Each structure stands twice: as C-alpha cells, then as structure tokens.
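Dear colleague,

I am handing over the structure below, and after it you will find my notes on what turned up.

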Amino acid sequence: NASVEQQLTSTMMFRLAYVGSESYHQSYAIDQNAATNNVRPYARFSQILTDYSGGTASYNALQASFERHMSHGLQVQSSFTWSKAIDIASSSNVSFGSPYLGDPFNLKWNRGNSSMSVPWNSVTNFIYQAPSLRGENRLVREVFGGWELSSILTFQTGNPFSIGSAGANWDNNNSGSLQKGDRADRVVGQPLNVGKGGHKDWVKTGYFNQAAFNNAAMGTFGTSGKNIMFGPREFGTDAAVMKTWTLVEGTRLQFRWEAFNATNH
C-alpha cells in the first residue's frame with residue numbers, strides 16, 4: 001500500500017491511497033466424485049469433498065478520504081473506495097453453504113469476481129450543530145437555537161452474481177444440488193446491458209439482457225464467467241435530529257429523533 005496525505009486548512013485534510021494484496025494457499029473444496037458424462041466414478045456415493053489449499057485471491061483498490069474537524073458547527077468524514085476482488089472460492093467452510101468448486105476439473109472456471117467484491121463504495125457522515133442564537137431572546141434560543149443534525153450516507157454497488165443454468169439440464173455436472181448447478185452459456189454477440197434504465201424498465205424487460213444466455217450444453221459446466229454482473233446500486237441514509245435543554249443545574253431534557261434508511265431507499 002502507498003498513501004499521500006495533504007492538509008488543506010487547519011481543520012481539513014485529504015488522503016489518497018492505493019491498497020493491494022495477493023494471497024496464496026487459500027482453502028477450497030473439490031468433489032472427488034464429480035460426474036463425467038453423468039456417471040460418477042463411485043456410483044454408490046454422492047459427493048466426496050476434499051479440502052485443498054491451492055486457492056489464490058487478489059484485491060486492488062484506490063481509496064480516497066476527506067476529513068473536516070468540528071469547525072463553525074460542522075464536522076465531516078467521507079471515504080470512497082474503487083476496488084476489485086478476485087478469488088477462486090469466496091468461502092472454504094465445507095460444513096456450511098456450497099463452498100466447493102463448481103467445476104472440479106478446471107480451476108480457472110472457478111476464478112472470477114469474489115462474492116465479497118463491491119467495486120464502488122462511498123460512505124459519508126456529518127454532524128451539524130446549529131448556532132445557539134445567544135443574542136436572541138430566550139424563547140427564540142430555546143425553540144430554534146442549538147439543534148443538531150447528523151447523518152450517515154452510504155452509496156455502493158450491489159452484490160455480484162452469476163447466471164445459472166436451468167431447465168432439464170440444470171445439473172449437467174450431476175452434483176445433485178440445485179444451489180450449485182452449472183452456469184449458463186454466453187451467447188456470442190449479445191451484450192449484457194446490465195442495469196439499463198430504472199426499476200420500471202427492469203420489471204418490463206429485465207435487469208439484464210436475458211438473450212445473452214442459454215442453458216449450458218449437456219455434460220458441460222457453462223461458459224459464462226463467475227459473478228460477471230452486479231446487482232442494482234444501493235443507497236441508504238441514517239439520520240438523527242436532537243436538541244438538549246438545561247432545565248436546572250445538573251438536569252437536562254433531550255429530544256432525539258433517529259431513523260435508519262430515512263429516505264426509504
């Protein structure tokens with residue numbers, strides 16, 4: 001990793017960084033009894049999972065952040081990350097979920113965008129303290145002065161996903177598991193058109209071009225990549241408004257309103 005920090009004013013600073021990592025010998029599971037031409041080597045058994053440690057993963061990110069310390073009633077922290085995470089198996093726990101490789105005969109088939117990959121991620125939080133209006137009369141001060149507004153704004157890419165093969169050939173590799181299954185075949189010349197338009201368009205035509213995929217050919221695992229598309233962008237706002245009154249010395253009354261997902265996105 002490498003980073004550069006720059007102080008802009010006495011209360012503000014900016015940071016820009018590159019962060020990268022490469023890991024080896026990560027665990028993954030392989031079905032030693034995977035079928036070839038719909039025939040398992042050991043017909044009396046279903047899956048025989050073996051744990052290996054030959055997995056690799058990589059992460060590369062450009063990270064930017066801005067900080068403003070409390071000044072004139074405003075404090076701000078904002079961070080933005082543009083990243084890509086690639087792995088072979090996003091989970092290695094053979095006792096939970098479906099961590100075993102979809103194609104046990106081809107390690108490259110299983111390499112692609114990690115299930116934990118979030119290419120764009122922005123988080124901003126701020127606190128604003130309104131003036132106390134000390135120069136005004138007591139009624140104006142108590143009603144309008146000293147309010148505090150705070151919020152956390154999150155904007156990020158949706159979760160990655162693959163396109164599975166369905167229909168009569170949904171389990172060409174004979175895994176016996178719908179959760180595993182095969183990936184669909186890509187149709188040459190057909191664009192993905194992921195997320196074109198808005199929610200109303202997705203209801204009518206779909207979130208992506210469905211003509212870009214066909215069911216995997218019999219006896220194959222599918223030609224489309226792992227997690228090649230990302231779900232709809234996510235936006236969330238958590239907010240709070242509060243004010244504190246001093247009733248008598250040592251006694252305070254506080255009004256607080258808080259909301260998660262305040263804008264209902």
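Pro 41 touches Asn 33 and Ala 34, leaving aside residues up to four places away in sequence, where contact means heavy atoms within 4.5 Å. Pro 41 lies in the loop between S2 and strand S3 (49–71), strands being DSSP runs of E with at least two residues, numbered from the N terminus. Pro 41 counts as exposed because its relative accessibility is 54%, whereas Leu 16, in strand S2, counts as partly exposed at 39%; buried means under 20% relative accessible area, exposed over 50%, and partly exposed in between (1.4 Å probe, protein chains only).

This is a predicted model, in which local features need pLDDT of at least 70 and side-chain atom pairs count only at pLDDT 80 or more, while totals for chains, interfaces and linings use all residues. Residues are numbered from 1 along each chain as its sequence is written, and side-chain values use heavy atoms, with hydrogens and water left out.

As for the strands, S6 (residues 120–129) and S7 (residues 148–156) pair in the antiparallel sense over nine bridges, and two strands count as paired if DSSP finds at least two bridges between them. Within this pairing, Thr 124 stands opposite Leu 153 in S7. S7 also pairs with strand S12 (residues 234–248), again in the antiparallel sense and over nine bridges, and here Gln 156 stands opposite Glu 234 in S12.

With kind regards

Definitions and conventions
Helices (H or I, at least four residues) and strands (E, at least two) are DSSP runs, numbered from the N terminus.
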